[in-house]
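Work through the exercises below with the coordinates loaded. Each task is followed by a solution in steps.

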Amino acid sequence: MRPDLLVRYTRWQQVKTNKRHFAEKGLHYDVEEIRNLNYMGDGNPFHTMDVYGPKGNNDILPVVMLSRGGGYVACEKFINECQAKFLAERGFRVVNINYSLMPEVGFPEVLQELLDKFMASLPPK
């Protein structure tokens, strides 16, 4: 089997297992959420983010940006979903981002995507 296909299959299995695991926990949070916003404007599913906030609160709030682990080769943003909702219930606006994975892209591209998202979230000078 080609290594890239093995990596993709392993990722798919991991996502399936993790989603089932979180669903079994039955955690419920009362938050507003906007899901799968494409922050690069290119339609790439790895360039998406979810935004969470307290239900019914349109005030300016402190922002927390979550970037999932996975050594730049595994996982997706859903792995931080419970943490994001937990923080949103406690008065934070939370941005939970996906980014491209290796080996499809190299480390410099991953880092650049994260920095671009962070810079885009800062208020204008």
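The exercises concern a predicted model and go from the overall fold to single residues.

**Exercise 1. State how many helices and strands the protein chain has, and give their order.**

Step 1. The secondary structure amounts to 3 helices and 4 strands.
Step 2. Along the sequence these elements follow the pattern α-β-β-β-α-β-α.
Step 3. Of the 125 residues, 31% count as buried.
Step 4. Take the contacts between residues at least 6 apart in sequence: 66% of them join residues at least 24 apart.

**Exercise 2. List the residues of the largest nonpolar core and find which elements each supply at least two of them.**

Step 1. The largest nonpolar core has 9 residues: Tyr39, Met49, Val51, Val95, Ile97, Tyr99, Leu101, Val110 and Leu114.
Step 2. At least two residues of this core come from each of β2 (48-54), β4 (93-97) and α3 (107-121).
Step 3. Another core, of 7 residues, lies apart from it; Tyr52, Leu66, Ala84 and Leu87 are among its members.
Step 4. For one member of the largest core, Ile97, leave out residues up to four places away in sequence; Ile97 then touches Thr48, Met49, Leu66, Ser67, Arg68, Lys77, Leu114 and Lys117.

**Exercise 3. Determine which residues of helix α2 are buried and where they fall around its axis.**

Step 1. In α2 (residues 81-89), the buried residues are Glu81, Ala84, Lys85, Leu87 and Ala88.
Step 2. Viewed down the helix axis, they fall within an arc of 160 degrees, so they line one face of α2.
Step 3. As general background, an α-helix has 3.6 residues a turn, so residues three or four places apart point the same way.
Step 4. The buried residues of α2 pack against β1 (31-38), β2, β3 (63-67) and β4.
Step 5. Just after α2, Gly91 has a positive phi of about 100 degrees.

**Exercise 4. Decide whether Glu113 is buried or exposed, and describe its surroundings.**

Step 1. Glu113 belongs to helix α3.
Step 2. Its relative accessibility is 7%. The cut-off for buried is under 20%, so Glu113 counts as buried.
Step 3. With neighbours within four places in sequence set aside, Glu113 contacts Tyr39, Met40, His47, Tyr99 and Ser100.
Step 4. The side chains of Glu113 and Ser100 are joined by a polar contact of 2.8 Å.

**Exercise 5. Count the aromatic pairs, and say which residue lies over the face of Phe86.**

Step 1. A search of the whole structure gives 0 aromatic pairs.
Step 2. Arg90 lies over the face of Phe86, at 3.6 Å from the ring centre.

Technical notes
Residues numbered from 1 in each chain as written. Predicted model: local features only at pLDDT ≥ 70, side-chain atom pairs only at ≥ 80, totals over all residues. Heavy atoms only, no water. Phe/Tyr/Trp six-rings, centres within 6.5 Å; stacked < 30°, edge-to-face > 60°. Lys NZ or Arg CZ within 6 Å of the ring centre and 35° of its normal. Core = buried A, V, L, I, M, F, W, Y, C linked by side-chain atoms within 4.5 Å. Buried < 20%, exposed > 50% of the residue type's maximum accessible area, 1.4 Å probe, protein only. Contact = heavy atoms within 4.5 Å. Polar contact = N/O pair within 3.5 Å; in protein donor to acceptor, adjacent residues only side chain to side chain. Arc of directions from axis to C-beta.
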